[in-house]
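Please read these points with the structure open beside you, and take time to find each element as it is named.

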Amino acid sequence: MIKVANLVKRFGDATVLDGIDLEIDRGEIIVVIGPSGTGKSTLLRCLNFLERPDAGRLTLGDLDVDVTRASRADILAARRRTAFVFQNYALFANKTALENIAEGLIVVNRWPKARAHARAREILERIGLADKADAYPASLSGGQQQRVGIGRAMAAQAEVILFDEPTSSLDPEWVEEVLALMKQLAAERQTMLVVTHEMGFARDVADRVIFMEGGRIVEQGPPSRLFNAPEDPRTRDFLRKVLAAAPSS
Amino acid sequence: MSVLDFDYMLGLVPILLSYLPLTLGMAMAGMVLALALACGLAVIRVLRIPGLNGITLLFISFFRGTPLLVQLFLFYYGLPQVLSFLTQINGITATIMGLTLHFSAYMAESIRAAIVGVDRSQTEAALSIGMTNAQLMRRIVLPQATRVAVPTLMNYFIDMIKATSLAFTLGVTELMGATQKEAAGSFLYFEAFITVAVIYWGIVELLAWCQRRLEWRLNEAYRR
Ligand SMILES: Nc1ncnc2c1ncn2[C@@H]1O[C@H](COP(=O)(O)OP(=O)(O)OP(=O)(O)O)[C@@H](O)[C@H]1O
Ligand SMILES: [Mg+2]
């Protein structure tokens, strides 16, 4: 289980996360939506300590830390319990698809190379890229790169995979294959926290949708309820705008 | 004007080539030391280590801002006057020292630029899976920075080989010094210096060829 209590993050004078409380059950799929600049990315980055939060308590499985007192070891432990999928894929350019997936197992988990590569091959099979094991990122399409990015996150066997707009950088032709892989993971009950503008994905896959604005959680609930009967006027306003902009999804 | 004395030139080649090990030895020693020093300076610059960063900037500015020949004279003739333990510094040592300091200043900046040039998002990705800073440097950043820096560093090595010819001004009989002596004995200055020029040229072309092969290999991961 994952628990975030009163998470606060400031950049200078700006309070970007203003006391976030959040509980995520094992196997739960949560989608976070909200306007630009609301702190969605910052929330994910704080869970992974890519940003250092200013206050709050974080529980990730057996790890429980006051973020202001987190030691170097706590931070590494938190990072092992969370995996991150980046908007721009962020694959290691000097490593093949296989090596990208195996890297964390070898370096962080200290698995022998043969075992890590065997696991990476299993994952490549699951993400449908077994034939690209030895391809370098530069030779892969955007969709393939992002699937490797997701494969790298899968290898970490984290408590939760954090997705920060995983399809936003993709050419439209590649979006579907990445969403399909995410749906496959959701069907396997991989715990996921997904920031996305793909309302169709949120509607079909999420157990719970969270609407954020101004560094706060404004409203949350199952997608059927939140999309059909939003309670807060800000949610209603936001949904009207995005659904008008993308009527097909 | 008489035609070139080809027999003399051909006879000169093996004599001059026997000084090649010294020329290349000074260049290689200078390169290894300069690389080590440049890596240290680059890391100080990248991490902006307080105190050391300022000293490094001053060092780089001085050694890039003054001619190598001035630096060599400073080490060979100047330093022994102020630092008594350096009284018997020989020309070879002074040359290697000068090459090291001079070229490390240039190389530090290329290495720094190469490190900084590695896509920041890969650093975050490495951190996100729980790598330490040292692991991410060793496995992700430095291999990519090397690829970027190597062509430039090879160019500096080529420059350094040519720069070893300045050692003759410190009384070292290397490739250039030997040519000078041979020419003074035969009075065939043009033949002697064109011969040594061709020898330098040949070495540099050989290295440039190695450089192209190395770049091809290093770029393997980035070809589409
Ligand atoms: N490193 C930083 N330094 C200063 N301000 C930052 C930094 N990162 C984010 N911010 C600010 O924090 C606010 C929240 O940013 P964040 O990226 O979390 O928003 P977001 O909800 O993910 O937006 P988007 O939908 O555009 O990705 C923004 O106003 C942004 O400018
Ligand atoms: Mg964002």
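The numbered points below go through chain A, then the contact between the chains, and then chain B.

1. Before anything else, please keep in mind that this is a predicted model, and that the distances, angles and areas quoted here were computed from it.

2. For chain A, the UniProt record, an unreviewed entry, places the feature "domain: ABC transporter" at residues 2-239. In the model, this span of chain A is 39% helix and 26% strand, and the C-alpha atoms at its two ends lie 27 Å apart.

3. One part of chain A to look at is an open sheet of four strands, which are paired in antiparallel fashion and arranged in the order S2-S1-S4-S5. The edge positions of this sheet are taken by strand S2 (14-24) and strand S5 (63-66) of chain A, each of which pairs on one side only. If direction is ignored, neighbouring strands of the sheet are turned by 15 degrees against each other on average.

4. Within that sheet, how many bridges join strand S1 of chain A to S2(A)? There are eight, and strand S1, which covers residues 2-11 of chain A, runs antiparallel to S2(A). As a place to start tracing the pairing by eye, you could take Val8(A), which stands opposite Asp18(A) in S2(A).

5. Two helices should be viewed together with these strands. Helix H1 of chain A, made of residues 40-47, lies across S1, S2 and strand S4 (55-60) of chain A, and runs at about 115 degrees to S1(A). Helix H2 of chain A, made of residues 72-81, packs on the sheet and touches S4 and S5 of chain A, while its direction makes about 130 degrees with that of S5(A).

6. Asp18(A) deserves a second look, since besides standing opposite Val8(A), Asp18(A) forms a salt bridge with Arg216(A), in which the closest N and O atoms are 2.6 Å apart. Why does this pair tie together parts that are distant in sequence? Arg216(A) lies in strand S10 (residues 216-221) of chain A whereas Asp18(A) lies in strand S2 of chain A, so the salt bridge links parts that are 198 residues apart in sequence. Over all chains, the structure holds 20 salt bridges.

7. Turning to the contact between the chains, 21 residues of chain B are in contact with 26 residues of chain A. Together the two chains bury about 2,100 Å² between them, and 59% of this area is on carbon and sulfur atoms.

8. Between chain B and chain A there are two salt bridges, and one that you can locate is formed by the side chains of Arg45(A) and Glu124(B), with 2.8 Å from N to O. Seven residue pairs are in polar contact between chain B and chain A. On the side of chain B that touches chain A, helix H6 (120-128) and helix H7 (133-163) of chain B each supply at least two residues, and H6(B) gives the most, with seven residues.

9. Chain B itself has nine helices and zero strands, and its C-alpha trace spans about 75 × 50 × 25 Å along its principal axes. According to the UniProt record, again an unreviewed entry, the annotation "transmembrane region" covers residues 20-44, 56-79, 85-103, 148-168 and 188-209 of chain B.

10. Two of these annotated spans can be set beside the model. Residues 56-79 of chain B are 92% helix and 0% strand, with end C-alpha atoms 21 Å apart, whereas residues 148-168 of chain B are 76% helix and 0% strand, with end C-alpha atoms 34 Å apart.

Conventions: Residues are numbered from 1 along each chain as its sequence is written. Chains are lettered from A and ligands numbered from 1 in the order in which they are written. This is a predicted model: local features need pLDDT of at least 70, side-chain atom pairs count only at pLDDT 80 or more; totals for chains, interfaces and linings use all residues. Side-chain values use heavy atoms; hydrogens and water are left out. Two strands pair if DSSP finds at least two bridges between them. Axes are lines fitted to C-alpha atoms, for helices over the stretch in contact, and angles run from 0 to 180 degrees between N-to-C directions. Contact means heavy atoms within 4.5 Å. UniProt positions are given in the numbering used here, feature names are shortened, and annotations may be inferred rather than shown by experiment. Buried area is the accessible area (1.4 Å probe) that two parts lose on being put together, summed over both. A salt bridge is a side-chain nitrogen of Lys or Arg within 4 Å of a carboxyl oxygen of Asp or Glu. A polar contact is a pair of N or O atoms within 3.5 Å; within protein, one must be able to donate a hydrogen and the other to accept it, and residues adjacent in sequence count only if both atoms are side-chain atoms.
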